[in-house]
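Trainee: I would be grateful for a close look at a single part of this structure, namely the surroundings of one residue in the interior, followed outward into the rest of the chain.

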Amino acid sequence: MYDFERKVDRRNTRSYKWDQSEKLFGNSNILPLWVADMDFESPPAVKEALVRRIESGIYGYSVTGDSYKQAIVSWYSRRHDWELQPEWITDSPGIVTSLSLSVELLTQPGDEVILQSPVYYPFYDVINMNDRKVAKNPLILKDGRYEMDYGHLEGLMQGGAKLLLLCNPHNPGGTVWKREELLRLGELCLRYGVTVISDEIHCDMIMPGHKHIPFASLSEELADITVTTLAATKTFNLPGLQTSYIVASNPELRRKFERKLKALSLHMSHFFAQEAVEAAYNEGEAWLDELILHIAGNAEYAISYLAEHLPAVKVMRPEATYLLWMNCRALGLDAAGLKKLMYKEAEVAFNEGSVFGTEGEGHLRINLACPRSVLIEALQRFSRAAAPYVQQ
């Protein structure tokens, strides 16, 4: 029903991804597959809902409607077997905003905050820029998949860290944490009094054969120590609308957020966002199901192509997200060398891995949310340019 192979020209649209190549990379011919938005139109129902909203002609202050929260509740019940209450939901301008507020509200300057590296780079920013300390719990690569180091994690908790930023599913690796993995994590958090901020923005982009488990859905005890940060923006390509929400069943945690959001005057409803989110959740499911198959196909193509044309580069097969994590250490290049290879020689822009932590050094992250033809061109450019660097 939906054409994910159609190229949409996003140049000269103030696109963060497409209109900054000269400024960021020194090359206007760059093919950008980096920042995590998609090169597809959002579901038709979203566009229709926004057009209706625009046609009202008056763009005044807005409030949250009951139907908006009910669309969220229904979505998580259908897609993730997670039964929410509308009062648990509080809007926030963005996931990173929620992460930053969590660190500010739930810790003190100088406190340690746990993250599991390599991980989405704003996790470091919201800790460091709030004058807290990063307590790094590096993930373990085993059989082509990341696993948690529970022994090391327990040591950090014993050392006094009381807040954990969880990336579920994992970005950049695409790991879908299994129920037993999350339960073991939860057991440690309960034992040592650690609060969990679970970033689950990629929860809907789950590859066939895998299932997302919301951390707070595991038990009432775990829900009571968890704030889940969520959004429809990754799922339906809406990031420019600056909308997200938290889910917290613990009223004390939720009130802290709501009070701070009001103090910063971030509590008002975005005029367009709620119509878009409601339409996406109520009418975008078939679109998403087809999109997931397209992304899964892109992942399979990329893995096969690189295995044939650049086998020295090892790819982590994503269980979720539309991101592909590549180990390029066999090329023998540091961060500056990988950037030169991408921007100057291959004329592509992927994410350079060291920004995800020292464990990401020598890696690249590719955005697969594009037409197959764009992905093919990017892989061809990169493989041709990288081949001479493969160490024999």
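Mentor: In this predicted model, Y281 touches A71, I72, W75, Y76, R78, A231, A232, F236 and Y245, with residues up to four places away in sequence left out of the count. Y281 belongs to the largest nonpolar core, which has 43 residues. Together with Y76, M205, F236, Y245 and L291, Y281 is among the members that touch the most others in that core. The elements that contribute two or more residues to this core are α2 (44-55), α3 (66-80), β10 (244-247), α11 (273-283) and α12 (285-309). In soluble globular proteins, nonpolar side chains tend to be buried together. Apart from this core lies another, of 38 residues, which includes A349, F350, I366 and A385.

Y76, one of the contacts of Y281, also leads to W82. W82 is found in the loop between α3 and β2 (89-92). With a relative accessible area of 5%, W82 is buried, because that value falls under the 20% limit. When neighbours within four places in sequence are set aside, the contacts of W82 are Y76, S77, P214, A216, S217, T228, L230 and V247. W82 and L218 are 136 residues apart along the chain, and their C-alpha atoms are separated by 9.2 Å.

A further buried position is S98, in helix α4. S98 has a relative accessibility of 0% and therefore counts as buried. Its contacts, leaving aside neighbours within four places in sequence, are S92, T229, S244, I246 and F257. The contact between S98 and F257 introduces the packing of two helices. Helix α4 (residues 95-106) and helix α10 (residues 251-263) pack at an angle of about 110°, and their axes are 11 Å apart. The two helices are therefore roughly perpendicular to each other, the range for that term being 65 to 115 degrees. From α4, the contact is made by S98, L101, S102, E104, L105 and L106, and from α10 by L253, K256, F257, K260 and L261. Sorted by class, this contact has 6 nonpolar, 2 polar and 3 charged residues. In the loop between α10 and α11 lies S265, whose phi is positive, at about 55°, although S265 is not a glycine.

From α12, one of the elements that supply the largest core, one may turn to L306, which is placed in that helix. L306 counts as buried, at 0% relative accessibility. Not counting residues up to four places away in sequence, L306 touches P311, V315, M326, L379 and S383. L306 and F382 are 76 residues apart in sequence, and 9.8 Å separates them in space, C-alpha to C-alpha.

Helix α6 (residues 150-158) shows how burial can be arranged around a helix axis. Its buried residues are Y150, L153, L156 and M157. Seen down the axis of α6, these buried residues fall within an arc of 115°, so they line one face of the helix. The face turned away from the buried side carries G151 and Q158, which are exposed. The buried residues of α6 pack against β3 (112-115), β4 (133-136) and α7 (179-192). Just after α6, G160 takes a positive phi of about 115°.

Backbone geometry completes the account. Most residues other than glycine have a negative phi, and most peptide bonds are trans. Against that background, S117 and P118 are joined by a cis peptide bond, with omega at about 0°. P118 is found in the loop between β3 and α5 (122-128). N168 and P169 are likewise joined by a cis peptide bond, again with omega at about 0°. The loop that holds P169 lies between β7 (163-167) and α7. Both β3 and α7 are elements against which the buried residues of α6 pack. E347, which is not a glycine, has a positive phi near 55°. E347 is placed in the loop between α13 (335-346) and β13 (348-349). With a relative accessible area of 25%, E347 is partly exposed.

Terms used. Residues numbered from 1 in each chain as written. Predicted model: local features only at pLDDT ≥ 70, side-chain atom pairs only at ≥ 80, totals over all residues. Heavy atoms only, no water. Axes fitted to C-alpha atoms, helices over the stretch in contact; angles between N-to-C directions. Helix = DSSP H or I, 4+ residues; strand = E, 2+ residues; numbered from the N terminus. Parallel < 35°, antiparallel > 145°, perpendicular 65-115°, else oblique. Contact = heavy atoms within 4.5 Å. Nonpolar A, V, L, I, M, F, W, Y, C, P; charged D, E, K, R; others polar. Core = buried A, V, L, I, M, F, W, Y, C linked by side-chain atoms within 4.5 Å. Buried < 20%, exposed > 50% of the residue type's maximum accessible area, 1.4 Å probe, protein only. Arc of directions from axis to C-beta.
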